[in-house]
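Reader: I would like to go through this structure one step at a time. Where should we start?

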Amino acid sequence: ADFQLVDLDRYDRILTKETRQEFAKAIGLHAHGIGVGSFIYLRRIFESLVEKAHEEARIKPEWVENNYERSRMHEKIMLLKGFLPEALIENADIYRLLSKGVHSLSESECLQYFETVKIGIEYLLNGELERREKEKRAKQLKEEVARIKGERIGIKKHCGL
């Protein structure tokens, strides 16, 4: 658990303090052989990440909030296509696994499937990290091009070109 908790540090910019604590609890419970309890925390984390995508989607003019509100989680994930990583859309059944774990899987089954669900959550988080990095790079590029363009205009004026 200690080794895995260190890995959570890279998600500090994405996760709220509460969600990070829940992720740590899930990892800790799993490490101590508590399967269902760890699944409950994974489910909460997963739901919070889907809700974050929902908040982004709902500001779009074409978004139909009523459709979203009436949908089950699997359908919500499908409605959030374009706001969630494609691999999650293709594997939307991960939530069904989480739900089943909370309601009907045994401790040993939850322990067995924990890593798969954790990988799915990390996939979501890594996608968000990549998206933010791309936005940062795009902004840097735009600023640098503007700076160079400004310098070239200044050079042309200075040299009488």
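Author: Glu 128 is a place to start, and its position in this predicted model is in helix H8.

Reader: Is Glu 128 buried or exposed?

Author: A residue counts as buried when its relative accessible area is under 20%. Glu 128 has a relative accessibility of 16%, so this residue is buried.

Reader: Which residue in the loop between helix H1 and H2 should I look at next?

Author: Glu 128 is one of the residues touched by a loop residue, along with Lys 52, Leu 125, Leu 129 and Arg 132. The loop in question runs between helix H1 (2–7) and H2, and the residue there is Ile 14.

Reader: What is the relative accessible area of Ile 14?

Author: The cut-off for buried is under 20%. Ile 14 is buried because its relative accessible area is 5%.

Reader: How far apart in space are Ile 14 and Arg 132?

Author: Arg 132 is among the residues that Ile 14 touches. Along the sequence the two are 118 residues apart, while from C-alpha to C-alpha the distance between Ile 14 and Arg 132 is 9.6 Å.

Reader: Which helix supplies the largest share of the largest nonpolar core?

Author: This core has 35 residues, and Phe 23, Phe 46, Ile 77 and Ile 121 have the most contacts inside it. Helices H2 (17–31), H3 (35–57), H5 (73–79), H6 (86–90), H7 and H8 (107–159) each supply at least two of its residues. The largest share is eight residues, and these come from H3.

Reader: Which residues of H7 does Phe 46 meet?

Author: Leaving out residues up to four places away in sequence, Phe 46 touches Ile 77, Leu 88, Ile 121 and Leu 124, among others. Phe 46 is in H3, a helix that meets H7 through residues including Ile 94, Tyr 95 and Leu 98. Phe 46 itself touches Ile 94, Tyr 95 and Leu 98.

Reader: Why do the buried residues of H7 line one face of the helix?

Author: The buried residues of H7 (residues 94–103) are Ile 94, Tyr 95, Leu 98 and Gly 101. Seen down the helix axis, they line one face because they fall within an arc of 120°.

Reader: At what angle do H3 and H7 pack?

Author: Two packed helices are described by the angle and the distance between their axes. The contact of H3 with H7 has 10 nonpolar, three polar and two charged residues, and the crossing is left-handed. The axes of H3 and H7 are 9 Å apart, and the angle is about 140°.

Notes: Residues are numbered from 1 along each chain as its sequence is written. This is a predicted model: local features need pLDDT of at least 70, side-chain atom pairs count only at pLDDT 80 or more; totals for chains, interfaces and linings use all residues. Side-chain values use heavy atoms; hydrogens and water are left out. Buried means under 20% relative accessible area, exposed over 50%, partly exposed in between (1.4 Å probe, protein chains only). Helices (H or I, at least four residues) and strands (E, at least two) are DSSP runs, numbered from the N terminus. The arc is that of the directions from the helix axis to the C-beta atoms. A nonpolar core is a set of buried Ala, Val, Leu, Ile, Met, Phe, Trp, Tyr and Cys residues joined through side-chain atoms within 4.5 Å. Contact means heavy atoms within 4.5 Å. Axes are lines fitted to C-alpha atoms, for helices over the stretch in contact, and angles run from 0 to 180 degrees between N-to-C directions. A crossing is left-handed if the near helix is turned anticlockwise from the far one by less than a right angle, and right-handed if clockwise. Ala, Val, Leu, Ile, Met, Phe, Trp, Tyr, Cys and Pro count as nonpolar, Asp, Glu, Lys and Arg as charged, and the others, Gly among them, as polar.
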